[in-house]
Amino acid sequence: LDPGRCTLFVQSHVPAHAELLWLLEATAYDGELRRMIQYKEKSAHHQTVRAALLTYPVLMAADVLLYDVATVPVGDDQRQHLELARDLALRFNRAYGQTFTVPRTITPAVGARVMDLQDPSVKMSKSAAPQAAGVIRLLDPPDVVRRKIARAVTDSGQRLEPGAWHGPGVANLVTILAACTGQTPE
């Protein structure tokens, strides 16, 4: 990341995140939070779930709205969270006056959903085990990334010709390559 263009900080060191979370929770409805896909998927497998799982999307909304951004790049799995942020911003603005910028979603044409390198039927997940071979971590050294890619699941009998890859393993690798090079999968 270019420090001239990006600011990195520890979120918990900025009290405004927690403060805005509290204000936005006062405008969020239980039903809209329970409809969030990640909450529905995780709560379906457990008898009890923590309240933080339910309200985490509101924290994500606070993270976005706090900085008055106009656009937010998201993957397919985060689109619903940004829609919640938009809804909360609009609701807050209607009730209390123009306060928040209502951000627009930008989804990349390629790489909006990257699948696990070892199980390309599921998306790559930050909550996977720390040493998971199917997940590329932001801080993985280049040699570790190279090794994970080299060991990725592929599809036997598939040829790398445009339109010839139909299996999930090769399609995932082609998508990752396209996203990294700025080219189309074809």
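Here is a short walk through this predicted model, one selection at a time.

Start with α1, residues 15-25, and bring up α4, residues 51-65, next to it. Their axes come within 8 Å and cross at roughly 120 degrees, which makes α1 oblique to α4. The crossing of α1 past α4 is right-handed.

Now show side chains where the two helices meet. On the α1 side, pick H17, L20, L21, L24 and E25; across from them in α4 you'll find T55, V58, L59, A61, A62, D63 and L65.

Keep L24 and V58 on screen and add L88 and F100: these four have the most contacts inside the largest nonpolar core, a set of 22 residues. The elements giving two or more residues to this core are α1, α4 and α5 (79-96).

Next, zoom in on F100. Leaving out residues up to four places away in sequence, F100 touches L20, L24, L65, D68, A89, F92 and N93.

Then slide along to T27, in the loop that links α1 to α2 (30-34). Is T27 buried or exposed? With a relative accessible area of 10%, T27 falls under the 20% cut-off, so it counts as buried. Go back to L24 for a moment: its backbone oxygen sits 2.8 Å from a polar atom of the T27 side chain. Setting aside neighbours within four places in sequence, T27 is in contact with E32, L88, R91 and F92.

For a last stop, return to the 22-residue core and then jump to a second, separate one: it has six residues, among them M124, A132, A152 and I176.

Key:
Residues numbered from 1 in each chain as written. Predicted model: local features only at pLDDT ≥ 70, side-chain atom pairs only at ≥ 80, totals over all residues. Heavy atoms only, no water. Helix = DSSP H or I, 4+ residues; strand = E, 2+ residues; numbered from the N terminus. Buried < 20%, exposed > 50% of the residue type's maximum accessible area, 1.4 Å probe, protein only. Polar contact = N/O pair within 3.5 Å; in protein donor to acceptor, adjacent residues only side chain to side chain. Contact = heavy atoms within 4.5 Å. Core = buried A, V, L, I, M, F, W, Y, C linked by side-chain atoms within 4.5 Å. Axes fitted to C-alpha atoms, helices over the stretch in contact; angles between N-to-C directions. Parallel < 35°, antiparallel > 145°, perpendicular 65-115°, else oblique. Left-handed = near helix turned anticlockwise from the far one by under 90°.
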